[in-house]
Structures are given as C-alpha cells and as structure tokens.
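Me: Could you walk me through this one? I'd like to start with the overall layout and then get into the interior.

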Amino acid sequence: MHETSPLQSLPSDYDARWTLLDTLIQRWYPHQQKDLPGYSLDELKSAQNIRGFPIPDALSYWYLANGKRYDVWCHQDHFLPPDQLYIHNNALIFYVENQGVVKWGIPEAELNVNDPSVVVESVDDSNIWVPQTNHVSRFAIYMLTYTLAFADGDAWIDGFAESPLLALIANTFPMLDFPN
C-alpha cells in the first residue's frame, strides 16, 4: 500500500512546513548540490543593506536553508538571489517566470510579517496582483513540486492529457493542498 502524500494536506505550522520542504528536497534531490544549500547570514544582511528594505523571516529562512539550490528552484523560472530582489508595483519580487512575463512577490505592506502572503502578477495587467498563497513557506513547497515538471531526468509527471484522462485523474487521485 502506498503512503498518503504529505502534499494532500500541508502542515499548518510554520516550522513543520519548512521541515517538510527540507525532507522533500533530500528525498527528490539526494545527490545534487548538497554542499551549496543556502546563502550566509552575512550575504542576506548585505542584500538588505544594499536594497534598503527588509527581507521577511520566511524568505530569509528559504535563502539560508536552500536558496542556492538552483538545481531545485531554477529549472524553468528564476528564484532571484537576495542581492537581486526588487520592489515592483508595491511588491517585493523574488521569483520571475523564465520569460519575465510573470512575477511572484510579497506585498510591500507585509514585509515585516514573519511568513507573509505571496502574490502573482496578473498576465493581463501588471498593476494587478492576484493572491497565490497565504504564506511564503507554503509557496516554497508549491514551487518545489511545480519545478519537478522541468527537472533533469524522467519528468513523467509532465505532458498533455485529453478530457477523459483528466476526468479519470480527478476522480482517482486526491487534490494536493495547493492553489488551483
């Protein structure tokens, strides 16, 4: 019997979400870039000083724990290094789609929140932010699973499906605890 996916119901606790993320990275990327997981505290402080705005605790933790794992975060899109963070239309941009069409950020009003929400720029109007997740820690788990489709190796989770197959999948497998 298969074990239930930990992604069906993400932990409600901040620390448990980061533990889950670390566990999944170790399980799914066991032999890659282990020696270069994250940025140093000095690198984060330097980026904050240069940029002139705070980096929320959750985003700082992500950078410290696994921020340099480009083998995990940058298959398709770009997890910006701390010294490349910027404010755009009242949001701190930290992730950018590979063609620059979509940006993910933290509302500027939430930069002092421990684990703030994440918004995504509307593809129709760059002045409109759409809620993505209610916490950076949830977004990190979401992006980890999303980037698997672009990972090296057998990306058998990727592909096109006709309507009957999509219905079969929807009726057979439980939904993951992610935004639609």
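Me: In what order do the elements of the protein chain run from the N terminus on?

Reply: This is a predicted model, and in it the elements of the protein chain follow the order α-α-α-α-β-β-β-β-β-β-α-α from the N terminus. That gives six helices and six strands.

Me: And what share of the residues in the protein chain is buried?

Reply: Of the 180 residues in the protein chain, 43% are buried. As for the surface, the protein chain exposes about 10300 Å², and carbon and sulfur atoms supply 53% of that area.

Me: Now the interior: which residues have the most contacts inside the largest nonpolar core?

Reply: The largest nonpolar core has 45 residues, and those with the most contacts inside it are Leu59, Trp62, Trp73, Leu85, Phe94, Tyr95 and Phe139. At least two residues of this core come from each of α1 (14-28), α2 (41-51), α3 (57-66), α4 (70-73), β3 (91-96), β4 (103-107), β5 (118-121) and α5 (136-147).

Me: Which of them gives the most to this core?

Reply: Helix α5 gives the most, with seven residues.

Me: Take Trp62, then. What is Trp62 in contact with, leaving aside its neighbours within four places in sequence?

Reply: With those neighbours left aside, Trp62 is in contact with Trp18, Gly67, Trp73, Phe79, Phe94, Tyr95, Val136, Phe139 and Ala140.

Me: Changing topic, how many salt bridges does a search of the whole structure find?

Reply: The search finds four salt bridges. One of them pairs Lys68 with Glu43, with the closest N and O atoms 3.3 Å apart. This pair links distant parts of the chain, since Lys68 is in the loop between α3 and α4 and Glu43 is in helix α2, 25 residues apart.

Me: Is Lys68 buried or exposed?

Reply: Lys68 counts as buried because its relative accessibility is 16%, under the 20% cut-off. Its partner Glu43, at 34%, counts as partly exposed.

Me: And what does Lys103 form a salt bridge with?

Reply: Lys103 pairs with Glu121, and the closest N and O atoms are 3.5 Å apart. Here too the pair links distant parts of the chain, with Lys103 in strand β4 and Glu121 in strand β5, 18 residues apart. Lys103 counts as buried at 14% relative accessibility, and Glu121 is buried with a relative accessible area of 4%.

Me: What about Asp71, which residue does it form a salt bridge with?

Reply: Asp71 forms a salt bridge with Arg69, where the closest N and O atoms are 2.9 Å apart, and both Asp71 and Arg69 are buried.

Notes: Residues numbered from 1 in each chain as written. Predicted model: local features only at pLDDT ≥ 70, side-chain atom pairs only at ≥ 80, totals over all residues. Heavy atoms only, no water. Core = buried A, V, L, I, M, F, W, Y, C linked by side-chain atoms within 4.5 Å. Buried < 20%, exposed > 50% of the residue type's maximum accessible area, 1.4 Å probe, protein only. Helix = DSSP H or I, 4+ residues; strand = E, 2+ residues; numbered from the N terminus. Contact = heavy atoms within 4.5 Å. Areas by Shrake-Rupley, 256 points an atom, 1.4 Å probe, with all protein chains shown as cover. Salt bridge = Lys/Arg side-chain N within 4 Å of Asp/Glu carboxyl O.
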